[in-house]
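Q: I have the sequence and the model open side by side, and I'd like to go through a few parts of the fold with you. Could we start with the helices and then move on to the strands?

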Amino acid sequence: MIYWRVIKMKLYNTLNKKIEEFIPNKGKDVKMYTCGPTVYHYAHIGNLRTYISEDILEKSLVFLGYNVKRVMNITDVGHMVGDGDNGEDKMLVAAKREHKSSMEIAKYYTDCFKDDCKKLNIKWPEIVSPATDNIDEYIKIISKLLDDGFAYISDGNVYFDTTKYSDYYKLSGRNADDLMVAVREDIKEDTSKKNPFDFGLWFTNSKFNNQEMQWDSPWGRGYPGWHIECSGISLKYLGENLDIHCGAEDAIFPHHTNEIAQSECYLGHKWCNYWVHMGFLNDKNGKMSKSNGEFLTVSLLEEKGYNPLSYRYLCLNSYYHNTLTFSDKILTGAESAYKKLKKKILSLKKEGQLNKTIYNEYIDKFKNTLEDNLNTSMSITLLYDLLKDKNINDFTKRELVKKFDEVLSLDLLKNNKKTVDKDTLQYINREISKRNIYKKNKEYDKADAIRKELEEKGIIIKDTREGTTFEIID
């Protein structure tokens, strides 16, 4: 007998403000675009919550039988300090702050972001493209928008005319009058625009003559705006019909709103059917952000003694589109629960035979939790139910845990600890002592270099409340 089931995936679609059945444009082939980081600083754990949720979405789709092609950009030029396309490019600000070139900044923080993803078991997307690799694509799109009357040139810069796109406010549910009342005081009006909410497609050096990264264009030497980059990269790698576009909740306006406007005016038809947005991570001060000063990174969590996967476990226990509250106390509780869960799973015996009937029943239940708008909290509950079920042998439980972990990605069956010989132990302790001295003297670059060197050898440093420990990764 052939075992099969009908996929009934449902997602909350910001475009229509409701949970809808997910139906791709072409059968089981899914084209998915996720907004990547602006690599001017470390990603904080609020940023990374979005990427964890997107990772869960991609892995869930694959688990349910879809073929997913996912693309992510790396914003290494063009993202302004202000949401209103004002101020300096964030990359330029970082270059001044750290006395490096913009490209050095981009490479360093891209590598840091990739390391964070690895620690959180976030799959690196199939295609990752830096904004600076796609200048010709932006110029092609902007040229057509100008030719078709959707854009205009003013003071040497090219702007999109938002009054020419009738559905401009559909995604955000806002309107021009509300936005004028609520406009932030720190955003200065760009007098080159015809309308307050027009946005930059291309900036020339007539406006930013200190910009390090510039390219020749029909409108002068300059660089692209932030919003055109995602449209250009998505269209280049995924074509004219996109199934799912993801991002953080704060990208709905203006970023995703602007993406839709420029893409659909360029194409002449609807571009993306499902817009999936991830909720904020709030601490005691409100939404976690880099502008608030000190912010939590994965490395800081490790220095506090936490396993990064405890944070992933915490995120899995909440709906992706709901606001998640964070504190050390909450994370400590999540880590305790995660450790107990792993201990219980690792105690399961490996002998026995697979009960195929029970296995298929639990796989069905697990798929149901994923299809229910990515109800990962229920997925975790199901995992606990499985472990408590006395009618299932340990071997079947282990096989189900292994299968569930293809989506959960919590290393549930991985025992990281490994014994070391006397010489290796002496070497590790010597390096840890040197690192502690560097940290005490605030020579953080040298301390970090030791940590990375040990990581490359499979030795993971853990700064706990009781002192520095380590684990050897198989």
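A: Gladly, bearing in mind that this is a predicted model; a good place to begin is α2, whose buried residues pack against α3, the helix spanning 102–119.

Q: Which residues of α2 are the buried ones?
A: In helix α2, which covers residues 90–98, the buried positions are Lys 90, Met 91, Leu 92, Ala 94 and Ala 95.

Q: And what does His 99 do just after α2?
A: His 99 takes a positive phi there, with a value of about 55°.

Q: Switching to the sheet, what is the order of its five strands?
A: The order is β5-β4-β3-β10-β11, in an open sheet with parallel pairing; the edges are formed by β5 (127–130) and β11 (272–278), each of which pairs on one side only. From one strand to the next, the twist averages 20°.

Q: Which helix packs on that sheet?
A: Helix α6, residues 226–238, packs on it and touches β3 (29–34), β4, β5 and β10 (242–248), while its direction makes about 145° with that of β4.

Q: How many bridges are there between β4 and β5?
A: Strand β4 (residues 67–74) pairs with β5 over four bridges in the parallel sense, and Ile 74 stands opposite Pro 130 of β5.

Q: What about β6 and β7, parallel or antiparallel?
A: Those two run antiparallel, with four bridges joining β6 (residues 151–154) to β7 (residues 157–160), and Ile 153 stands opposite Val 158 in β7. Their hairpin has two residues between the strands, and Asp 155 takes a positive phi near 55° in it.

Conventions. Residues numbered from 1 in each chain as written. Predicted model: local features only at pLDDT ≥ 70, side-chain atom pairs only at ≥ 80, totals over all residues. Heavy atoms only, no water. Buried < 20%, exposed > 50% of the residue type's maximum accessible area, 1.4 Å probe, protein only. Contact = heavy atoms within 4.5 Å. Pairing = 2+ DSSP bridges. Axes fitted to C-alpha atoms, helices over the stretch in contact; angles between N-to-C directions.
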